[in-house]
Amino acid sequence: MFRPDAIQGATAREPGTVDYRLARQALVSEFRKGRLAQHEVCDAHPELVRAARQLGEPTSIECPICERDNVVLVSYVFGPGLPAFGRCISSKDELAKLKRQPADMACYVVEVCPTCSWNHLARVFPVGRARRS
Ligand SMILES: [Zn+2]
């Protein structure tokens, strides 16, 4: 099953201390220097690639690896009451609805290239109105 730790960049997650764009640049630069093979950076989970093709939000950012396609953004929300593999967000309404839930959830926005399976975490933000005592 797809899980957040299957995303490139997500394992280095330490909220507030990691700039995902820096981590992404470092990875791309390692690839360009030949220190990482394409299969090491283009390892998107099949579920993620399918979500990218069906629900991905188009961008004007060229894929840094294959340079043949633009990357798309896929959002997953993880949290209590949601499947362990997260809920893939298919519309802004769906996200707005989750934001009103009284729970502590996190939305992972992932950059994916549907052509070569490059993937990297773009950002993570909190979702839901967690109860505060
Ligand atoms: Zn690509």
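Colleague: Hi! Which side chain meets E67 in a salt bridge?

Modeller: That would be R32; in this predicted model, the closest N to O distance between the side chains of R32 and E67 is 3.4 Å.

Colleague: And where do E67 and R32 lie?

Modeller: E67 lies in the loop between strand 1 (57-62) and strand 2 (70-78), while R32 belongs to helix 1 (residues 20-32), so the salt bridge ties together parts that are 35 residues apart in sequence.

Colleague: Nice. Is R32 buried or exposed?

Modeller: R32 counts as exposed, because its relative accessibility of 51% is over the 50% cut-off. E67 has 44%, so E67 counts as partly exposed.

Colleague: How many salt bridges does the count come to?

Modeller: Five. Another one joins R35 and E30, at 3.0 Å from N to O. R35 is exposed at 55% relative accessibility, and E30 is partly exposed at 26%.

Colleague: What about R50, which residue does R50 form a salt bridge with?

Modeller: With E47, and their closest N and O atoms are 3.1 Å apart. Both sit in helix 3 (residues 46-55), three residues apart, so about one helical turn separates them.

Colleague: Let's zoom out. How many helices and strands are there?

Modeller: There are four helices and five strands. Starting at the N terminus, the order is α-α-α-β-β-β-α-β-β.

Colleague: And what is the radius of gyration of the protein?

Modeller: It is 15 Å, which agrees with the value near 14 Å for a compact globule of 133 residues. The C-alpha trace spans about 50 × 30 × 25 Å along its principal axes.

Colleague: Last one: what share of the residues counts as buried?

Modeller: Of the 133 residues, 41% do.

Notes. Residues numbered from 1 in each chain as written. Predicted model: local features only at pLDDT ≥ 70, side-chain atom pairs only at ≥ 80, totals over all residues. Heavy atoms only, no water. Helix = DSSP H or I, 4+ residues; strand = E, 2+ residues; numbered from the N terminus. Rg over C-alpha atoms; globule rule 2.2 N^0.38 Å. Buried < 20%, exposed > 50% of the residue type's maximum accessible area, 1.4 Å probe, protein only. Salt bridge = Lys/Arg side-chain N within 4 Å of Asp/Glu carboxyl O.
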